[in-house]
Amino acid sequence: MSVHSEARRISVPQLMAYKGQKKIAALTAYGAPFARLLDDVLDMILIGDSTAMVAYGLPNTLSITADQLAAHAAAVVRSTSHACIIVDMPFGSYQESPQQAFSNAARVLAISGADGIKLEGGVALADTTRFLVDRGIPVLAHVGLMPQYVNTMGGFKAQGMNDESAERILEDALAHEKAGAFGVVLEGVAEALGRRITESLGIPSIGIGASPACDGQILVTEDILGLSGSRIPKFARQYSDVGAVIRSAVEHYAADVRNGTFPALENCFGVKRPETPQ
Ligand code: KIV
């Protein structure tokens, strides 16, 4: 076995060591172009099951498969060398049993080369986290607003808004920490709860619509770039209007095609350049 000395991407234990030292900056990516642009700026890139909605235009995250996410994750891994790459386990690929979770997670990691997986679920899924971690699969748990539970929650609604639900979400996060999760995504929870969970955990919390106190933050890249149409969630911040830039470039191109100025001779093969006079 050879030992490589080249710089390695950020590992799961390195991310864990950021707790209390450095905030984790994370975003989603679904393919090579964005992954290349995000890689050296971020600590973690997630191939979320939001791929279903953002890349495939589906109404929710429920109908993407493990093989689809594995293919997207493989593209992201191939295009990056710095950030830690985590891939979501989609709905139906892990809830049946810890064994089902292991075989699907192992396949997704083998196909993609990602560093770990994320799964949604509370206390009931902690045994699955334990089963995976004991067998070498790093797990990022996702609690609070869990989009895979959209049908039981009756929509995408903020969670932990009363004492009972806040206590349950705290217990969910603690159960996954005890089971060996390397971090917990806290989505769509009351700010005070995000803060309390972060202070109660010895592992990093990564917030999305949670609290500035979280150990890191994650958003959907398209939401911060103005590529999500008119619907920008309250918890996101749009940093740029890349959509407008793309639209203007496309309009320019279409006009050039229609008025015959594209392609120019410099874009064509077998055309001799005129001699430049001495
Ligand atoms: O699917 C997803 O993109 C997520 C978020 C945490 C961003 O789960």
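**Exercise 1. Around E187**

Task: Find which residues E187 touches beyond its neighbours up to four places away in sequence, then place E187 in the fold and decide whether E187 is buried or exposed.

Solution. Start with the contacts: setting aside residues up to four places away in sequence, E187 touches H142, V143, G144, L145, P147, I208 and G209. Keep in mind as you work that this is a predicted model.

Next, locate the residue. E187 belongs to strand β6, and β6 covers residues 183–187. Several of the contacts can be placed too: strand β5 spans 139–144, and strand β7 spans residues 205–208, while G209 sits in the loop between β7 and β8.

Now check accessibility. Buried means under 20% relative accessible area, so E187, at 11%, counts as buried.

Finally, look at the record. UniProt, in an unreviewed entry, places the feature "active site" at E187. An annotation of this kind may be inferred rather than shown by experiment.

**Exercise 2. Two residues of one loop**

Task: Compare G209 and S211 in turn: where does each lie, and is each one buried or partly exposed?

Solution. Begin with position. G209 is in the loop between β7 and β8, and S211 has its place in the loop between β7 and β8 as well.

Then take accessibility. G209 has a relative accessible area of 24% and is partly exposed, whereas S211, with 4%, is buried.

Go on to the contacts of G209. Not counting residues up to four places away in sequence, G209 touches E187, G188, V189 and F235. G209 and G194 are 15 residues apart in sequence, and their C-alpha atoms are 8.9 Å apart in space.

Turn last to S211. Leaving aside neighbours within four places, S211 is in contact with E191, G194, R195 and Q217. With E191 there is also a polar contact of 2.7 Å, side chain to side chain.

**Exercise 3. Tracing the barrel**

Task: Work out how many strands make up the closed barrel and in which sense they pair, then follow the pairing of β8 with β1 and with β7.

Solution. First, the overall sheet. The closed barrel has eight strands, running β1-β2-β3-β4-β5-β6-β7-β8, with parallel pairing. On average, neighbouring strands of this sheet are turned by 25 degrees against each other, direction ignored.

Second, the closure. Strand β8 (residues 216–219) runs parallel to β1 and is joined to β1 by four bridges; in this pairing, I24 has G216 as bridge partner.

Third, the other neighbour of β8. Strand β7 pairs with β8 in the parallel sense over two bridges. Here I206 has G216 in β8 as bridge partner.

Fourth, a pair elsewhere in the barrel. Strands β3 (residues 84–88) and β4 (residues 116–120) run parallel and are joined by three bridges, and D88 stands opposite K118 in β4.

To finish, add a helix. Helix α8 (residues 163–178) lies across β4, β5 and β6, at about 175 degrees to β5.

**Exercise 4. The surroundings of T28**

Task: Describe where T28 is found and which residues T28 touches.

Solution. T28 is found in strand β1, which covers residues 24–28. With a relative accessible area of 3%, T28 is buried.

For contacts, skip residues up to four places away in sequence: T28 then touches L38, I45, L46, S50, L219, V220, T221 and E222. Within the skipped range, the side chains of T28 and Y30 are joined by a polar contact of 3.4 Å.

**Exercise 5. Cysteines**

Task: Explain why C214 has no disulfide partner.

Solution. Searching the whole structure gives zero disulfides. A disulfide would need two cysteine sulfur atoms within 2.5 Å. The closest cysteine sulfur to that of C214 is in C84, and because the two are 18 Å apart, they are too far for a bond.

Compare the settings of two cysteines: C214 is buried at 0% relative accessibility, while C268 is partly exposed at 32%.

**Exercise 6. The whole chain**

Task: Find how many helices and strands the protein chain has, and what share of its residues count as buried.

Solution. The chain has eleven helices and eight strands. Of its 278 residues, 49% count as buried.

For long-range contacts, take those with a separation of 6 or more: residues 24 or more positions apart account for 58% of them.

Technical notes: Residues are numbered from 1 along each chain as its sequence is written. This is a predicted model: local features need pLDDT of at least 70, side-chain atom pairs count only at pLDDT 80 or more; totals for chains, interfaces and linings use all residues. Side-chain values use heavy atoms; hydrogens and water are left out. Two strands pair if DSSP finds at least two bridges between them. Axes are lines fitted to C-alpha atoms, for helices over the stretch in contact, and angles run from 0 to 180 degrees between N-to-C directions. Contact means heavy atoms within 4.5 Å. Buried means under 20% relative accessible area, exposed over 50%, partly exposed in between (1.4 Å probe, protein chains only). A polar contact is a pair of N or O atoms within 3.5 Å; within protein, one must be able to donate a hydrogen and the other to accept it, and residues adjacent in sequence count only if both atoms are side-chain atoms.
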